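User: I'd like to go through this structure with you, beginning with its aromatic residues and then moving on to the ligand. Could you take me through it?

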Amino acid sequence: MALLFPEGFMWGASTAAHQVEGNNTHSDFWLMENLEGSIFKEPSGIAVDHYRLFQDDIALLASLGLNSYRFSLEWARIEPEEGQFDEAAIAHYREVLLACKRNGVTPIVTLHHFSSPQWLIRKGGWESSDTPLRFSRYCTHVMKELGDLIPYVCTINEANISIGIAKIIKRHSSNGSQAQVGINTNSMSQMQQYFMALGNAFGLHPQEVHSFLGPRTEEGLRIIFQSHAEAREAIRQVCPNTQVGVTLSLYDIQSILGGEENAAQAWHEEFLQFLPYMSDDDFFGLQNYTRTVYGPDGLLPIPEQSEKTQMGNEYYPEALGAVVRFVYNHLKKPIMITENGVATDNDERRIAFIDRALNGVHACTSEGIPVIGYMHWSLLDNFEWQLGFSKTFGLIEVDRSTQERKPKTSAYHLGKIAQNNALN
Ligand code: BGC
């Protein structure tokens with residue numbers, strides 16, 4: 001029997017500016033990637049040339065049957081120097097939003113997805129108490145210029161990411177493997193060299209470089225969530241009808257016997273402690289890829305025999321439904337799944353992942369949990385941060401020598417689910 005989703009459910013795919021657009025020259029990542037001795041596998045370069053090809057990409061997304069597109073605007077393009085807003089960048093994003101409109105696609109706009117302007121980092125980055133104000137000023141500008149075309153905003157992507165990264169690095173540093181979110185943890189000394197070079201490039205002491213994906217103090221975390229809360233209010237001042245939320249990276253945190261307290265502690269650190277910052281949001285952006293399991297001594301290694309993704313994560317699509325349920329039990333807000341997906345070169349496994357993940361989501365909507373959309377990560381194979389172009393999360397394959405797009409079977413599969421608003 002077909003599993004029907006609620007009427008008006010949003011079906012789409014996600015990208016992030018730096019990972020797809022190309023030539024994001026004013027961003028901190030551009031600088032890090034192009035440093036001599038960079039730990040980035042390769043620089044982003046022209047990425048998948050989405051800055052030029054967005055019209056075709058959005059038309060392709062719509063032709064598959066998807067009705068929503070989650071993408072980010074690049075702060076470093078819009079405000080390349082502090083206080084100087086680039087009209088051409090704004091005009092470009094207006095064209096992107098209009099392309100969505102023409103194609104009947106609802107845009108879900110992220111205002112910060114990991115990459116930041118270089119000037120922000122020189123001024124203390126994500127540990128500076130001035131950052132919430134600077135971020136709000138940029139958000140206000142964007143909403144004044146483009147807000148008429150923006151129904152949904154995610155202020156900051158994965159505001160809690162530093163916590164997960166720290167834990168995964170700790171777990172992986174002992175066995176030398178690679179972790180999720182594109183952090184190459186092969187060698188700690190490489191990481192140190194990278195911070196040294198980075199310091200030189202920014203004219204700062206290495207410990208004063210606070211890019212979004214770096215280590216975070218308690219105060220830095222507070223600054224990030226404060227940035228979200230202040231931006232939300234600034235956005236509402238300009239566009240009271242735009243729905244505003246933040247996205248968090250959430251594992252399905254599980255425990256074996258004796259690990260319950262550790263799991264509860266992890267839920268607190270990774271999610272529950274941030275509830276006060278989200279209590280006035282319109283929706284919650286949920287991002288999930290896998291689970292973590294705790295025992296009496298802490299985080300357990302992934303079992304040898306379990307299937308792994310290209311990222312070294314456990315292939316575990318059931319995580320999504322469980323996280324939706326946990327979130328809703330603690331935050332009674334509409335939930336938009338802003339990212340869920342799998343890095344694999346076996347498209348059959350992606351199709352199975354989508355079906356199993358959506359099964360869990362359907363169980364939640366049947367219980368009355370207000371899940372309002374599912375955005376698959378990612379629309380296109382793209383630049384996976386430090387890991388370069390080696391990981392394939394896309395519904396659409398890209399031949400980077402020609403920039404030719406080729407939808408995978410999974411793209412048609414998700415498109416069909418979207419068209420039927422049902423999982424067979
Ligand atoms: C991030 C994406 C990233 C994806 C896969 C998420 O944490 O938002 O930028 O590509 O995970 O690692």
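**Aromatic pairs and the ligand site**

Analyst: This is a predicted model, and the structure holds 26 aromatic pairs.

User: How are the rings of Trp267 and Phe326 arranged, then?

Analyst: Their ring centres are 3.6 Å apart and their planes meet at 10°, so this pair is stacked, given that planes under 30 degrees apart count that way.

User: And where do those two residues lie?

Analyst: Trp267 belongs to helix H11 (residues 260-270) and Phe326 to helix H13 (residues 319-330), so the pair ties together parts that are 59 residues apart in sequence.

User: Is Trp267 buried or exposed? Same question for Phe326: buried or exposed?

Analyst: Trp267 is buried, with a relative accessible area of 7%. Phe326 has 19% relative accessibility and also counts as buried, because the cut-off is under 20%.

User: What about Tyr315 and Phe353, what kind of pair do they form?

Analyst: Theirs is an edge-to-face pair, with 5.4 Å from centre to centre and 75° between the planes. Tyr315 sits in the loop between strand E11 (298-299) and H13, while Phe353 is in helix H14 (residues 347-366), so this pair ties together parts that are 38 residues apart in sequence. Both Tyr315 and Phe353 are buried.

User: Which residues make up the aromatic cluster?

Analyst: One cluster is formed by Phe29, Phe40, Trp75, Phe114, Trp119, Trp126, Phe135, Tyr138, Phe212 and Trp385.

User: Switching to the ligand: how many residues surround it, and which are the closest?

Analyst: The ligand is surrounded by 14 residues, of which Gln19, His113, Glu158, Glu339 and Glu384 are the closest. By type, the shell divides into seven nonpolar, four polar and three charged residues.

User: Which polar contacts does the ligand make with side chains, for instance with His113?

Analyst: An oxygen atom of the ligand lies 2.8 Å from a polar side-chain atom of His113. For Glu339, the distance from a side-chain N or O atom to a ligand oxygen is 2.9 Å, and for Trp385, a member of the aromatic cluster, the corresponding distance is 3.0 Å.

User: How much of the ligand does the protein bury?

Analyst: The ligand taken alone exposes 310 Å², and the protein buries 100% of that.

User: One last spot: where is Ser227, and what is it in contact with?

Analyst: Ser227 is in helix H10 (residues 218-238) and counts as buried, at 0% relative accessibility. Leaving aside neighbours within four places in sequence, Ser227 is in contact with Trp126, Thr131, Pro132, Phe135 and Ile156, and Trp126 and Phe135 also belong to the aromatic cluster.

Conventions
Residues numbered from 1 in each chain as written. Predicted model: local features only at pLDDT ≥ 70, side-chain atom pairs only at ≥ 80, totals over all residues. Heavy atoms only, no water. Near = heavy atom within 4 Å. Polar contact = N/O pair within 3.5 Å; in protein donor to acceptor, adjacent residues only side chain to side chain. Areas by Shrake-Rupley, 256 points an atom, 1.4 Å probe, with all protein chains shown as cover. Nonpolar A, V, L, I, M, F, W, Y, C, P; charged D, E, K, R; others polar. Helix = DSSP H or I, 4+ residues; strand = E, 2+ residues; numbered from the N terminus. Buried < 20%, exposed > 50% of the residue type's maximum accessible area, 1.4 Å probe, protein only. Contact = heavy atoms within 4.5 Å. Phe/Tyr/Trp six-rings, centres within 6.5 Å; stacked < 30°, edge-to-face > 60°.
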